[in-house]
Amino acid sequence: MVTEGAARDERFRADDLDRTVWLPYYLAHWSSRVESAATKGVRDSALRLTIPRSQGRWCADLLHNPLRVSCIQSGTWSGPLGSERGQQPFRPGLVVREEQPPFRGYTPHFGRIEIRMRGVVTERSMVACWMVGFEDQPEPSGEICIAEIFGDAMEGDVAAVGMGVHAFRDPALHEAFATERVALDPAELHTYAVDWRRGSLDFAIEGRVVRHLDQAPDYPMQLMIGVFDFPAKAVDGDEDAIPELVVSHVRGQAPADD
């Protein structure tokens with residue numbers, strides 16, 4: 001990984017997450033660390049994120065469409081308890097329920113970021129890897145989505161892989177998110193990457209560039225990696241399915257012209 005320009009290679013070789021780099025919670029300021037904790041394991045040189053049937057819903061009283069999630073993130077920030085300032089607000093009027101101390105475990109600013117992962121997804125689940133601004137001010141809020149795969153978007157052996165930019169509150173960006181149809185099985189390990197340079201982004205799958213954008217956030221960003229379950233999409237026969245995301249490595253390199 002790249003932390004303020006220094007390359008690092010995360011292989012998940014210990015028996016748990018490196019807590020100087022990762023937090024096993026999902027946007028805990030809108031919920032709490034207890035209620036947003038990931039179901040996780042690190043074994044056989046891989047991170048495993050799952051959503052067992054017993055896992056509760058995230059922000060159950062705030063979301064019209066129920067959501068369950070296991071996610072890790074490499075940074076966090078929020079305003080004080082009761083304030084409306086926090087990373088990735090998902091609707092107007094949210095207030096901080098549990099203040100989060102600033103944490104910058106992994107906040108690259110340009111470089112090549114790649115993740116090798118596989119996911120077990122059904123019509124009610126998805127896996128994703130994305131980067132977001134620290135958002136201690138409103139403007140550094142943009143998102144680089146490296147890969148997002150919904151199980152209900154599969155067509156035979158072709159996956160719709162979401163990638164691109166979400167501008168959110170960054171006036172220097174414009175919305176540029178799309179899905180690319182790629183022949184791959186998300187249940188098999190594949191490498192997804194972005195080459196992030198000043199003013200440009202190249203998105204690649206297995207080393208092949210599949211999308212180019214002439215824009216890019218220009219501030220440090222943290223990484224988010226997660227598996228999501230949407231109970232409202234349940235169909236007969238999937239009650240026992242356990243969504244899973246397996247990550248074999250996360251790697252960052254400084255840009256070639258750095």
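**Burial and salt bridges, set against their definitions**

User: Why is Arg 8 called partly exposed?

Analyst: Arg 8 has a relative accessible area of 33%. Buried means under 20% relative accessible area, exposed over 50%, and partly exposed in between, with a 1.4 Å probe and protein chains only. The value of 33% lies in between, so Arg 8 is partly exposed. The model is predicted: local features need pLDDT of at least 70, side-chain atom pairs count only at pLDDT 80 or more, and totals for chains, interfaces and linings use all residues. Residues are numbered from 1 along each chain as its sequence is written, and side-chain values use heavy atoms, with hydrogens and water left out.

User: What makes the contact between Asp 18 and Arg 8 a salt bridge?

Analyst: A salt bridge requires a side-chain nitrogen of Lys or Arg within 4 Å of a carboxyl oxygen of Asp or Glu. For Asp 18 and Arg 8 the N to O distance is 2.7 Å, so the pair meets the criterion. Asp 18 lies in the loop between strand 1 and strand 2 and Arg 8 in strand 1, so the salt bridge ties together parts that are ten residues apart in sequence. Strands are DSSP runs (E, at least two residues), numbered from the N terminus.

User: How do you know that Arg 116 and Glu 206 form a salt bridge?

Analyst: Their closest N and O atoms are 3.7 Å apart, which is within the cut-off, and the pair therefore qualifies. This salt bridge links distant parts of the chain, with Arg 116 in strand 7 (residues 111-120) and Glu 206 in the loop between strand 13 and strand 14, 90 residues apart. Arg 116 has 25% relative accessibility and counts as partly exposed; Glu 206, at 44%, counts as partly exposed.

User: What is notable about the phi of Glu 206?

Analyst: Glu 206 has a positive phi of about 50° although it is not a glycine.

User: Phe 12 also has a positive phi, of about 55°; is Phe 12 buried or exposed?

Analyst: Phe 12 has a relative accessible area of 3%, which is under the limit for buried, so Phe 12 is buried. Phe 12 is found in the loop between strand 1 (8-10) and strand 2 (39-43).

User: Why are Asp 152 and Lys 233 counted as a salt bridge?

Analyst: The N to O distance between their side chains is 3.1 Å, so the pair satisfies the definition. Asp 152 is partly exposed, at 41%, as is Lys 233, at 32%.

User: How many salt bridges does a search of the whole structure find?

Analyst: The search finds 18. Asp 9, Arg 11, Arg 112, Glu 114, Asp 195 and Arg 251 are linked in a network of salt bridges.

Note on methods
Helices (H or I, at least four residues) and strands (E, at least two) are DSSP runs, numbered from the N terminus.
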